[in-house]
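Colleague: Please walk me through the part of this model that sits at a buried acidic residue, and then show me how the packing works elsewhere in the chain. I am new to this, so please explain each term as you go.

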Amino acid sequence: MPDEPLRVRLAQIQKQWDDKGPESLRVDEFLALAEQGARDRPKDPGPHLAIGTIMEMAGRTDEAMMAYQSALRRAPDEVEAIRRLADLRFKSTQQVDPVTAALYREWYKKDPTQLRAGYLAGIGTWLEGDKPEAEKIWADVESRSPPPETRSMYLALRQMYGIDPAPSPATPPAQQPPG
């Protein structure tokens, strides 16, 4: 059977989505719908987020980052695009560089319930040399944090980045620096 014209094939894919849900689509079909959505709705960040997610799942990091950036150009306050881009940058480099730090700061500013974003924003801010601002961010995160188990996770992150030295096992708990 010859290939269907693209518009006919896209209509078939959309009907399949409507009838059976998105989980019924193959990745290439989902991508085709997202790309068509980007063409049909050039100001909508949604299709670009979908494209970014597909590219990220396929291990195509650079293309995923471009798609998330494209979503942010259309909607600079889109928290999901900020989150996905920040996390993808961090995952791909294991660093909180200045761009990634700015994304985490923006995400935490828009949603202060996201403690991990705040903590990583603090790490980036510290690494940029603004230690008082980093401490301020961390104090805010810790004031919102649940019990001590979570706080110890944040302390471990700071130690991993060399921001706080690990406490000496010989140091009694009462003499350990606050953290």
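**From one glutamate to the helices around the chain**

Modeller: Glutamate 29 counts as buried because its relative accessibility is 4% (buried means under 20% relative accessible area, exposed over 50%, and partly exposed in between, with a 1.4 Å probe and protein chains only). Before we go on, this is a predicted model, in which local features need pLDDT of at least 70 and side-chain atom pairs count only at pLDDT 80 or more, while totals for chains, interfaces and linings use all residues. Residues are numbered from 1 along each chain as its sequence is written, and side-chain values use heavy atoms, with hydrogens and water left out.

Now back to our glutamate. Glutamate 29 belongs to helix H2 (helices are DSSP runs of H or I with at least four residues, strands are runs of E with at least two, and both are numbered from the N terminus). Setting aside residues up to four places away in sequence, glutamate 29 touches Arg9, Ile13, Gln16 and Ser24 (contact means heavy atoms within 4.5 Å).

Glutamate 29 has buried company in H2: Leu31, Ala32, Leu33, Ala34, Gly37 and Ala38 are buried there as well. Helix H1 (6–20) and helix H3 (46–57) are among what covers the buried residues of H2. You can also check the length of H2: at 1.5 Å a residue, its 14 residues (27–40) should span 20 Å, and its end C-alpha atoms are 20 Å apart, which agrees (the expected span is 1.5 Å times one less than the number of residues).

Let's step back for the wider setting. The chain has 9 helices and 0 strands, and along the sequence it reads α-α-α-α-α-α-α-α-α. Of its 179 residues, 37% are buried. Some contacts reach a long way along the sequence: among those between residues at least 6 apart, 36% join residues at least 24 apart.

Next, follow the chain to a pair of packed helices. Helix H4 (residues 61–74) and helix H5 (residues 79–93) have axes that come within 9 Å and cross at roughly 155° (axes are lines fitted to C-alpha atoms, for helices over the stretch in contact, and angles run from 0 to 180 degrees between N-to-C directions). H4 is therefore roughly antiparallel to H5 (under 35 degrees is roughly parallel, over 145 roughly antiparallel, 65 to 115 roughly perpendicular, and the rest oblique). H4 passes H5 in a left-handed crossing (the near helix is turned anticlockwise from the far one by less than a right angle; clockwise would be right-handed).

From H4, Thr61, Ala64, Met65, Tyr68, Gln69, Ala71 and Leu72 meet Ala81, Ile82, Arg84, Leu85, Leu88, Arg89 and Ser92 in H5. This contact is made up of 9 nonpolar, 3 polar and 2 charged residues (Ala, Val, Leu, Ile, Met, Phe, Trp, Tyr, Cys and Pro count as nonpolar, Asp, Glu, Lys and Arg as charged, and the others, Gly among them, as polar).

Leucine 85 is a good residue to click on here. Leucine 85 counts as buried because its relative accessibility is 4%. Beyond the residues up to four places away in sequence, leucine 85 touches Met65, Tyr68, Gln69, Leu72 and Leu103. The C-alpha atoms of leucine 85 and glutamine 69 are 7.4 Å apart in space, with their positions 16 residues apart in sequence.

Phenylalanine 90 is also in H5, and at 15% relative accessibility it counts as buried. Leaving out neighbours within four places in sequence, its contacts are Gln95, Val96, Thr100, Tyr104, Leu120 and Tyr161. Leucine 120 is 30 residues away along the chain, yet the two C-alpha atoms are separated by 9.4 Å.

Leucine 120 takes us to helix H7, where it is one of the buried residues. H7 is mostly covered, with 11 of its 13 residues buried. Helix H6 (residues 98–110) packs against H7 at about 140°, their axes 8 Å apart. H6 is therefore oblique to H7, and their crossing is left-handed. Just after H7, glycine 129 takes a positive phi of about 105°.
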